[in-house]
Amino acid sequence: MLKVRFFEKNQKLNILCLGAHPDDIEIGCGGTILRLIEEVPKAQFYWAVFSGDEKRGREACESAKVFLKKVKAKKIDVQGFRESYFPFIGAKIKDYFEKLGKEYFPDIVFTHYRNDAHQDHRVISALTWNTFRDHFILEYEVPKYDGDLGTPNLYVYLNESHVERKISYLCDVFQTQKEKQWFDEETFRSILRIRGVESNSPSKYAEAFYCRKIVF
Ligand SMILES: [Zn+2]
């Protein structure tokens, strides 16, 4: 398989991470982010979470800081848009995107999958494409009750350390999610293992994305 590199080691890569809820970014692309931080030390991050009450908002902030602890240039922004209502408050969220699109020029955007079954996730995905019209966008997946996993087309190999850190950071920080039956180490490891099988990953693990457009 031909491996594609999207960046140079010394590049000041601008990376935008968008998540509807606290923990979405980490679940969808946490391992890839840890790998990028190692391989592109000058990478800069803009990390936007669109919802979170006081407790969950605090967890979102704490988690972003843990994942990005080795990153010097970073902005973490946790907004308080009403969870589960994104399609009905789309105008307000669109205003946020309009502003973001004028002040930040990302090289890579991580966002939700277009066909995600969660309505909030789909709003963020649609507005990402509305706003960043000439950008490299990778859509991540979030396993859930709705059973909406599909067939991704871009895989990122993770090593053992990326996998272990991703899972332990998630399980350590998001204490409010612990009572949810799906929120555990096994879920997070399983999806990485499946994507590792599909991509023949040397470590057995990978994260997977939907990439609708690549330009060479
Ligand atoms: Zn979510």
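Val 4, Phe 6, Ile 214 and Phe 216 make a nonpolar surface patch of about 430 Å². Patch members have over 30% relative accessible area and no salt bridge; nonpolar side chains (Val, Leu, Ile, Met, Phe, Trp, Tyr) are joined within 5 Å, and like charges within 9 Å. Areas come from the Shrake-Rupley method with a 1.4 Å probe, and for residues only the protein chains shown count as cover. Ile 214 sits in the segment after strand E7 (206–210). Its relative accessibility is 42%, so Ile 214 counts as partly exposed. Buried means under 20% relative accessible area, exposed means over 50%, and partly exposed lies in between (1.4 Å probe, protein chains only). Helices (H or I, at least four residues) and strands (E, at least two) are DSSP runs, numbered from the N terminus.

This is a predicted model, where local features need pLDDT of at least 70, side-chain atom pairs count only at pLDDT 80 or more, and totals for chains, interfaces and linings use all residues. Residues are numbered from 1 along each chain as its sequence is written, and side-chain values use heavy atoms, with hydrogens and water left out.

**The cores**

The largest nonpolar core has 43 residues, and Ile 33, Phe 45, Trp 47 and Phe 110 touch the most other members. Helix H1 (residues 24–39) gives the largest share of this core, seven residues. Another core lies apart from it, with 21 residues, including Phe 97, Val 123, Ile 124 and Phe 132. Such a core is a set of buried Ala, Val, Leu, Ile, Met, Phe, Trp, Tyr and Cys residues joined through side-chain atoms within 4.5 Å. In soluble globular proteins, nonpolar side chains tend to be buried together.

Contact means heavy atoms within 4.5 Å. Beyond its neighbours within four places in sequence, Trp 47 is in contact with ten residues' worth of partners listed here: Cys 17, Ile 25, Glu 26, Ile 33, Ala 64, Phe 67, Leu 68, Lys 75, Ile 76 and Asp 77. Thr 32 is found in helix H1. It is buried, with a relative accessible area of 4%. With the same neighbours left aside, Thr 32 is in contact with Phe 110, Val 156, Leu 158, Glu 207 and Phe 209.

**Salt bridges**

The whole structure holds 17 salt bridges. In each, a side-chain nitrogen of Lys or Arg is within 4 Å of a carboxyl oxygen of Asp or Glu. Three are listed below.

| Pair | Closest N to O distance |
|---|---|
| Arg 5 and Glu 39 | 4.0 Å |
| Arg 56 and Asp 23 | 3.3 Å |
| Arg 56 and Glu 83 | 3.7 Å |

Arg 56 lies in helix H2 and Asp 23 in the loop between E1 and H1, so this pair ties together parts that are 33 residues apart in sequence. Both residues, Arg 56 and Asp 23, are buried. Glu 83, in the loop between strand E3 (74–78) and helix H3 (90–103), is 27 residues from Arg 56. At 35% relative accessibility, Glu 83 is partly exposed. Shared partners join Arg 5, Arg 35 and Glu 39 into one salt-bridge network.

**Cysteines**

A search of the whole structure finds zero disulfides (cysteine sulfur atoms within 2.5 Å). For Cys 171, the nearest cysteine sulfur is that of Cys 29, 17 Å away. The sulfur of Cys 211 is 14 Å from that of Cys 29, its closest, which is too far for a bond.
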